[in-house]
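Reader: I would love a close look at one aromatic contact and what lies around it. Could you start with a single ring, then its partner, and then work outwards from there?

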Amino acid sequence: MSELTEAGPVYGPFFGVMGAASAIIFSALGAAYGTAKSGTGIAAMSVMRPELIMKSIIPVVMAGIIAIYGLVVAVLIAGGLEEAPKYTLYKGFVHLGAGLAVGFSGLAAGFAIGIVGDAGVRGTAQQPRLFVGMILILIFAEVLGLYGLIVAIYLYTK
């Protein structure tokens with residue numbers, strides 16, 4: 001067995017594993033919140049206007065995409081994990097940063113999608129002209145998670 005050095009301590013892979021875990025955990029939490037919050041709005045709206053149910057599924061789909069961002073980064077990080085001597089502390093911290101970047105931005109995006117989706121589908125049931133505005137705001141909320149994905153992939157390649 002090769003000797004452990006300061007550059008590759010035995011606890012180095014811990015930070016990489018925590019990066020992968022935080023990427024999927026936080027982004028899935030955001031996606032779950034967005035799905036649940038938007039789903040309650042869809043359920044309330046469908047009582048008044050059942051013909052708009054399929055049109056109102058868009059916030060739920062957008063919330064689900066947030067979890068995919070976290071999954072992609074978690075799989076990348078998990079694929080880059082190695083045994084302790086080869087896995088440097090620098091690499092562990094970079095992977096932790098990548099996981100936290102996509103995880104927390106996914107959490108924030110999921111919260112935003114949930115709140116906008118809930119209010120948007122309820123408002124669209126009362127005034128159909130609000131649909132385009134709701135979609136635009138949902139796109140801006142979704143792009144917050146995309147920014148985290150871009151930063152995470154950039155960090156991962158370092």
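**A ring pair and its surroundings**

Author: Happy to! Tyr 33 counts as partly exposed, with a relative accessibility of 30%; here buried means under 20% relative accessible area, exposed over 50%, and partly exposed in between (1.4 Å probe, protein chains only). Before going further, please keep in mind that this is a predicted model, where local features need pLDDT of at least 70 and side-chain atom pairs count only at pLDDT 80 or more, while totals for chains, interfaces and linings use all residues. Residues are numbered from 1 along each chain as its sequence is written, and side-chain values use heavy atoms, with hydrogens and water left out.

The ring I would like to set against Tyr 33 belongs to Phe 111, another partly exposed residue, with a relative accessible area of 39%. To place these two rings among the others, let me begin with the count: the model has 5 aromatic pairs, where rings of Phe, Tyr and Trp (its six-membered ring) pair if their centres lie within 6.5 Å, and planes under 30 degrees apart are stacked, over 60 edge-to-face and the rest tilted. One of them joins Tyr 11 to Phe 15: their ring centres are 6.4 Å apart and the planes stand at 80°, so this pair is edge-to-face. For Tyr 33 and Phe 111 the centres are 4.3 Å apart and the planes meet at 35°, so the pair counts as tilted. Tyr 33 sits in helix α1 and Phe 111 in helix α3, so their contact ties together parts of the protein that are 78 residues apart in sequence.

Those helix labels follow a simple rule: helices (H or I, at least four residues) and strands (E, at least two) are DSSP runs, numbered from the N terminus. With that rule, the protein has 4 helices and 0 strands, and reading along the sequence gives the pattern α-α-α-α.

Going back to the Tyr 11 and Phe 15 pair, the two residues fall into separate classes of cover. Tyr 11 is partly exposed at 47% relative accessible area, whereas Phe 15 is buried at 18%. Both belong to a cluster that ring pairs build from Tyr 11, Phe 14, Phe 15 and Phe 93.

Charged side chains give a second set of contacts to look at. The whole structure holds 4 salt bridges, a salt bridge being a side-chain nitrogen of Lys or Arg within 4 Å of a carboxyl oxygen of Asp or Glu. Among them is the one between Asp 118 and Lys 37, whose closest N and O atoms are 3.7 Å apart. Asp 118 lies in helix α3 (residues 89-126) and Lys 37 in helix α1 (residues 12-48), so this salt bridge ties together parts that are 81 residues apart in sequence. Helices α1 and α3 are also the ones that hold Tyr 33 and Phe 111, so the ring pair and this salt bridge can be read side by side. Asp 118 is buried, at 11% relative accessible area, while Lys 37 is partly exposed at 28%.

Asp 118 has a further partner. Its side chain meets that of Arg 122 in a salt bridge, with 2.7 Å from N to O. Arg 122 and Asp 118 are 4 residues apart in helix α3, so about one helical turn separates them. Arg 122 is partly exposed, at 36% relative accessibility. Through shared partners, salt bridges join Lys 37, Asp 118 and Arg 122 into one network.

Another salt bridge links Lys 91 with Glu 82, at 4.0 Å from N to O. Lys 91 is partly exposed at 29% relative accessibility, and Glu 82 is partly exposed as well, at 35%.

For contrast, consider a residue in helix α2, namely Val 75. It is exposed, with a relative accessible area of 52%. From Val 75 to Val 10 the separation is 65 residues in sequence and 22 Å in space, C-alpha to C-alpha.

Finally, here is the overall frame for your ring pair. Taken along the principal axes, the C-alpha atoms of the protein fill a box of roughly 70 × 20 × 15 Å. Of its 158 residues, 42% count as buried; Phe 15 and Asp 118 are classed that way, while Tyr 33 and Phe 111 are partly exposed.
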